[in-house]
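Trainee: Please take me through this structure, one kind of feature at a time. I should like to learn how each is read before I rely on it.

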Amino acid sequence: MNDPLKTYIEKYTQLEAGMRESIARKGNSLCAQCSCIGCDAVMCIEALKSPFLKLVHQQAAEYDEQKGFLSEAGCKLKKGRPSVCYEYFCDDHFYVQPDELHAEVLKIIGTLLYHATRNAKGDIPLDEIMTEKELDQLDFDSLEKHLQESMQALEIIRTFYCTGNLTEESYQALKRIRIAKEFQA
Ligand code: SF4
Ligand code: SF4
């Protein structure tokens, strides 16, 4: 693994941990009380096939043919989940938000990993680069830029959750975060 990839993975791991924390905050996540588990081995397998995600989670050996990475206690992966695992929120999540701005912000949190990894090679995202050799040959400058935008957005969202305020400048920074086509309204 070359140095830019190593550095990117360290920052990506911080971003994912911060996202998880924001999604899990009171009022945001309903999934822990829900009996309808949205996880599917078809999604888990992305974390097994992707060389990038494997480098992040280092838990490939824990993949189960039937259950993927799902266990009785929830997902075994604390990092390196496919970005799609964070992007979907059922409608109930939006109904319980206090207003439209909070609903918009929640959607943006879910897409921070997608934004950070998009266009790694042409329009292919980083988690869909299928060999380690290709990973090592990537130009990390644009990926770093997207990652920084996602990290900045996470900080803005943390501040918004603490203070309830969002300046116009901060709102515009959030608007730079790209939402995957399939999750756009
Ligand atoms: S997204 Fe909605 S339906 Fe799916 S597990 Fe969470 S609360 Fe349940
Ligand atoms: S959250 Fe974990 S268990 Fe659920 S689909 Fe994603 S990788 Fe699989």
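Mentor: Let us begin with accessibility: a residue is buried under 20% relative accessible area, exposed over 50% and partly exposed in between (1.4 Å probe, protein chains only). N119, with a relative accessibility of 33%, therefore counts as partly exposed. Please note that this is a predicted model, in which local features need pLDDT of at least 70 and side-chain atom pairs pLDDT 80 or more, whereas totals for chains, interfaces and linings use all residues. Residues are numbered from 1 along each chain as its sequence is written, chains are lettered from A and ligands numbered from 1 in written order, and side-chain values use heavy atoms, without hydrogens and water.

Trainee: Where does N119 lie, and between which helices?

Mentor: N119 belongs to the loop between helix 7 and helix 8, the latter spanning 132–137; helices (H or I, at least four residues) and strands (E, at least two) are DSSP runs, numbered from the N terminus. Its backbone deserves attention, for N119 has a positive phi of about 55 degrees although it is not a glycine. From N119 to E155, 36 residues further apart along the chain, the C-alpha separation is 23 Å.

Trainee: Which residue other than glycine has a positive phi near 55 degrees in the loop between helix 3 and strand 1?

Mentor: That residue is Q58, whose phi is near 55 degrees. Q58 is placed in the loop that runs between helix 3 (51–57) and strand 1 (70–71). Q58 counts as exposed because its relative accessibility is 60%.

Trainee: How should one read the two sides of a helix, and which residues of helix 10 are buried?

Mentor: An α-helix has 3.6 residues a turn, so residues three or four places apart point the same way. In helix 10 (residues 168–175), the buried residues are S170, A173 and L174. They span an arc of only 100 degrees around the axis, and therefore lie on the same side of helix 10; the arc is taken over the directions from the helix axis to the C-beta atoms. E168 and E169, on the other side of helix 10, are exposed.

Trainee: Is L113 of helix 7 buried or exposed?

Mentor: L113, which lies in helix 7 (residues 112–117), is buried, because its relative accessible area is 1%. L113 and R81 are separated by 32 residues in sequence and by 9.8 Å in space, C-alpha to C-alpha. For S142, found in helix 9 (residues 140–163), the C-alpha distance to E168 is 25 Å, with their positions 26 residues apart along the chain. S142 is partly exposed, at 34% relative accessibility.

Trainee: Which residues surround ligand 1, and where does ligand 1 sit?

Mentor: A residue is taken as near a molecule if one of its heavy atoms lies within 4 Å of it. By that test, L30, C31, C34, C36, Y88, C90 and H93 surround ligand 1. This shell has six nonpolar residues, one polar and no charged; Ala, Val, Leu, Ile, Met, Phe, Trp, Tyr, Cys and Pro count as nonpolar, Asp, Glu, Lys and Arg as charged, and the others, Gly among them, as polar. Ligand 1 sits in the largest pocket, where sitting requires more than half of its atoms within 2 Å of the grid points. A pocket, on a 1 Å grid over the protein atoms alone, is an open set of points with protein on both sides within 12 Å along at least five of seven lines, tested with a 1.4 Å probe; lining residues have an atom within 4 Å of a point.

Trainee: What surrounds ligand 2?

Mentor: The residues around ligand 2 are C39, D40, M43, C44, F69, L70, C75, R81, P82 and C85. Eight of these are nonpolar, two are charged and none is polar. The largest pocket is also the space taken by ligand 2.

Trainee: How many disulfides does the whole structure contain?

Mentor: A disulfide is a pair of cysteine sulfur atoms within 2.5 Å, and a search of the whole structure finds zero of them. As for individual cysteines, C85 is partly exposed, with a relative accessible area of 32%, whereas C162 is exposed, at 70%.
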